[in-house]
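Morning, everyone. I have one structure to walk through today, so please look at it on the screen while I talk.

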Amino acid sequence: MSKALRYLSKTRPQAATNLMGFYKHSVVALDEKTRFLIQIVTKITVGTERGLRQYAPKALKAGATKEEILDAAMMAFPAAGLNKLLDAIDILNDLDLLPEVEEDSSNQKQVSKNLGALDQFPVGRMQSVKRPDGDLIVYRATADQIAVYDARCPHSKANLCDGTDHGDRVECKVHNWTFDLESGNCIEPRIDGKEQDLIKVAVAVVDGNVILQG
Ligand code: FES
């Protein structure tokens, strides 16, 4: 449940219950996969990133293929227009919910494993590192202690480089999950399970530079 719905369920419990009840009981004939694919079309049409990030993974979980998710996105085009469709394609790509594209290996560039000089990462501040092979977030807890994480939020893969920087914590802008940057642990919401935590990326400091391992 989003932070906003949690808020409404406390301040306007009857309205929130009725609203959730409407969503739950209004559609009876469509199967789950079809409902989630239609949700993709509507979320793209109204231009809600939060909704698309919420429902597109549900469509996959309900049995939709990545081709079907792409088809659903394309069906939004007549009503949504090109800009919303392209934004949606970026989000679906970010969520790894689009069919693979065969890359011409002769055009692939080698991506450097060097994230930069250790000293360019200030102590106690989150830093984003944008990379063609996936964005990273870097946190230097002390002068010689550095942690690097996959920037995709473990919840629905929003980019935490766009999250709110709270110094030693980062808060996802989509559903407000919050992570401790020293340990990578999810601290809000508190649910047991490793899959909640940030994915650590192995690095070593070599000659004053932060180098990706593996
Ligand atoms: S994508 Fe939902 S909290 Fe980050």
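I'll start with a pocket. The second largest pocket is lined by 22 residues, and those nearest its centre are Asn93, Asp96, Pro132, Asp133 and Gly134. Bear in mind that this is a predicted model. The volume of this second largest pocket is about 710 Å³. Sorted by class, its lining holds ten nonpolar, three polar and nine charged residues. Helix 7, residues 82-94, is the biggest contributor to that lining, with three residues. Domain 1 (31-94) and domain 2 (114-212) each provide at least three of the lining residues.

That brings me to the domains. The protein is divided into domain 1, residues 31-94, and domain 2, residues 114-212. Their centres, taken over C-alpha atoms, are 28 Å apart. As for direct contact, six residues of domain 1 touch eight residues of domain 2.

Now the largest pocket. Its volume is about 1400 Å³. It has 44 lining residues, and the closest to the centre are Phe36, Gly51, Gln54, Tyr55 and Lys58. Where does the largest pocket lie with respect to domain 1 and domain 2? Both domains give residues to its lining, so the pocket lies between them. Four helices each supply at least two lining residues: helix 1 (3-11), helix 2 (13-25), helix 3 (32-46) and helix 4 (49-61). Helix 4 has the largest share, with eight residues. By class, the lining of this pocket comes to 19 nonpolar, twelve polar and 13 charged residues.

Next, the strands. As a reminder, strands of a sheet pair through backbone hydrogen bonds, either parallel or antiparallel. Here, four strands make an open sheet in the order 5-6-7-8, with antiparallel pairing. At the edges are strand 5 (164-165) and strand 8 (186-188), each paired on one side only. Inside that order, strand 6 (residues 169-171) and strand 7 (residues 178-180) are joined by three bridges, again antiparallel. If you want a landmark for that pair, find Glu171, which sits opposite Thr178 of strand 7.

After strand 8 comes a loop that leads to strand 9 (200-201), and Gln196 lies in it. Is Gln196 buried or exposed? Its relative accessible area is 8%, and under 20% counts as buried, so Gln196 is buried. Setting aside neighbours within four places in sequence, Gln196 is in contact with Pro154, Trp177, Phe179, Cys186, Pro189 and Ile191.

Last, strand 11, residues 209-212. Which strands does strand 11 pair with? One partner is strand 1 (residues 114-117), which runs antiparallel to strand 11 and is joined to it by three bridges. In that pairing, Asn114 stands opposite Ile211. Another partner is strand 10 (residues 203-206), also antiparallel, over four bridges. There, Val203 has Leu212 as its bridge partner. Strand 10 and strand 11 form a hairpin with two residues between them, and Asp207 in the turn has a positive phi of about 50°.

The side chains along strand 11 alternate. Val210 and Leu212 point to one face and are buried, whereas Asn209 and Ile211 point to the other face and are not buried. So to place two residues from a moment ago: Leu212, the partner of Val203, is on the buried face, and Ile211, opposite Asn114, is on the other.

That is what I have. Over to you for discussion.

Terms used: Residues are numbered from 1 along each chain as its sequence is written. This is a predicted model: local features need pLDDT of at least 70, side-chain atom pairs count only at pLDDT 80 or more; totals for chains, interfaces and linings use all residues. Side-chain values use heavy atoms; hydrogens and water are left out. On a 1 Å grid over the protein atoms alone, a cavity is a set of points where a 1.4 Å probe fits but cannot get out, and a pocket is an open set with protein on both sides within 12 Å along at least five of seven lines; lining residues have an atom within 4 Å of a point. Grid points are joined across faces, edges and corners, and a volume is the space filled by probe spheres set on the points. Ala, Val, Leu, Ile, Met, Phe, Trp, Tyr, Cys and Pro count as nonpolar, Asp, Glu, Lys and Arg as charged, and the others, Gly among them, as polar. Domain bounds come from an automatic or database domain assignment. Two strands pair if DSSP finds at least two bridges between them. Buried means under 20% relative accessible area, exposed over 50%, partly exposed in between (1.4 Å probe, protein chains only). Contact means heavy atoms within 4.5 Å.
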